[in-house]
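Here is a short set of exercises to work through with the model open beside you. Try each task before you read the solution that follows it.

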Amino acid sequence: MSKHQSKQDTSISASKTKLWQSVLQRLNRVAMDTESQTKRKTLSKLSMIGSNGAGVLFHRRGDRLKIPRYQNTFRLEPFKAFHAATVDKIVRDVMEIKLSAITSYQPDQTSKLCLEIASDVLKAVGKKDYDRYKMVTQVYIIQRFHQSIHAAFQCLWDVQRDNYSYHVFENNHVYAWCCVFGVYYD
């Protein structure tokens, strides 16, 4: 075997490996395309049928998966309405648990405590599954040092559906107020 023939064999084998690499890359692209097409078909079938039989539309956000967009139900009443008495008990329990151990007013800790109380109340109220309601929580904690606070809120209100719940906690060191608004939306 000559040197010329061995050089040809190596060049042929190198070109074959390049060819195989390009073929494998194309096959991978085709496989990925078919996989994305099957996902699209599945999503489009789901968008036609929906999980509960209702019509569902999907839309795309950038390159992420599609997010469902639900059609109107034309239902004007919630399945479970906002009950102020139940939420009163939740707010009272959370505030007493969080604030009973406070022995002095410290502004840095009370600002964090306000956030914790608000998030705990929202989690507990969210477990009650009040559908078609937006929950808003406000928490104020001030030092009890011969001073007072005046808090007011104003909003458009549907008397039949919207409601609120609040609780005031007092001890020798702090004065705390928490209010939860259940605002109906359709």
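A residue counts as buried when its relative accessible area is under 20%, and as exposed when that value is over 50%. Please keep in mind throughout that this is a predicted model.

**Exercise 1. The central strand**

Task: Find how many residues of strand β5 are buried, and work out which strands pair with β5.

Solution:
- Step 1. Start with the cover: strand β5 spans residues 174–184, and nine of its eleven residues are buried.
- Step 2. Look for the partners. β3 pairs with β5 in the antiparallel sense over eleven bridges, and strand β4 (residues 163–170) is joined to β5 by eight bridges, again antiparallel.
- Step 3. Put the strands in order. They make an open sheet of three strands, β3-β5-β4, with antiparallel pairing. The edge strands are β3 and β4, each of which pairs on one side only. On average, neighbouring strands in this sheet are turned by 10° against each other, direction ignored.
- Step 4. Check the connection: β4 and β5 form a hairpin, with three residues between them.

**Exercise 2. Reading the register**

Task: Name the residues that stand opposite Tyr-175 of β5, then find further partners along the strand.

Solution:
- Step 1. Take the β3 side, where Ile-142 stands opposite Tyr-175.
- Step 2. Turn to Glu-170, whose bridge partner in β5 is Tyr-175. Tyr-175 is thus a partner of both Ile-142 and Glu-170.
- Step 3. Go on to Val-174 of β5, the bridge partner of Gln-143.
- Step 4. Finish at Cys-179 of β5, which has Tyr-166 opposite.

**Exercise 3. Helices on the sheet**

Task: Determine which strands helix α2 lies across and which strands α3 touches.

Solution:
- Step 1. Follow helix α2 (residues 84–99): this helix lies across β3, β4 and β5, running at about 25° to β4.
- Step 2. Now take α3, which packs on the sheet and touches β3 and β5. The direction of α3 makes about 150° with that of β3.

**Exercise 4. An aspartate in a loop**

Task: Decide whether Asp-131 is buried or exposed, and list what surrounds it.

Solution:
- Step 1. Place the residue: Asp-131 lies in the loop between α3 (107–126) and β3 (133–143).
- Step 2. Compare its accessibility with the cut-off. The relative accessible area of Asp-131 is 17%, so this residue is buried.
- Step 3. List the neighbours. Leaving out residues up to four places away in sequence, Asp-131 touches Arg-75, Pro-78, Phe-79 and Lys-80.
- Step 4. Look at Lys-80 more carefully: its backbone nitrogen lies 3.0 Å from a polar atom of the Asp-131 side chain.

**Exercise 5. Two positive phi angles**

Task: Compare the settings of Arg-132 and His-146, and say which of the two counts as buried and which as exposed.

Solution:
- Step 1. Note the backbone angles. Arg-132 has a phi near 65°, a positive value in a residue other than glycine. His-146, also not a glycine, has a positive phi of about 50°.
- Step 2. Place each residue. Arg-132 is found in the loop between α3 and β3, whereas His-146 sits in the loop between β3 and β4.
- Step 3. Apply the cut-offs. Arg-132 has 17% relative accessibility and therefore counts as buried; His-146 has 83% and therefore counts as exposed.

**Exercise 6. The whole chain and its confidence**

Task: Describe the overall make-up of the protein, then identify the elements with the lowest and highest mean pLDDT.

Solution:
- Step 1. Count the elements: there are three helices and five strands, following the pattern α-β-β-α-α-β-β-β along the sequence.
- Step 2. Assess burial and surface. Of the 186 residues, 23% count as buried. The protein exposes about 14400 Å², with carbon and sulfur atoms supplying 55% of it.
- Step 3. Read the confidence. The mean pLDDT is 78, and 68% of the residues reach 70 or more. Among the elements, strand β1 (residues 56–59) has the lowest mean, 52, and α2 the highest, 96.
- Step 4. Find the weak stretch. Over residues 43–56 pLDDT stays under 50, and the model has 15 contacts beyond four places in sequence for them. Where pLDDT is low, predicted coordinates should not be read in detail.

Definitions and conventions:
Residues are numbered from 1 along each chain as its sequence is written. This is a predicted model: local features need pLDDT of at least 70, side-chain atom pairs count only at pLDDT 80 or more; totals for chains, interfaces and linings use all residues. Side-chain values use heavy atoms; hydrogens and water are left out. Helices (H or I, at least four residues) and strands (E, at least two) are DSSP runs, numbered from the N terminus. Buried means under 20% relative accessible area, exposed over 50%, partly exposed in between (1.4 Å probe, protein chains only). A polar contact is a pair of N or O atoms within 3.5 Å; within protein, one must be able to donate a hydrogen and the other to accept it, and residues adjacent in sequence count only if both atoms are side-chain atoms. Contact means heavy atoms within 4.5 Å. Two strands pair if DSSP finds at least two bridges between them. Axes are lines fitted to C-alpha atoms, for helices over the stretch in contact, and angles run from 0 to 180 degrees between N-to-C directions. pLDDT is the predictor's confidence in each residue, from 0 to 100. Accessible areas come from the Shrake-Rupley method with a 1.4 Å probe; for residues, only the protein chains shown count as cover.
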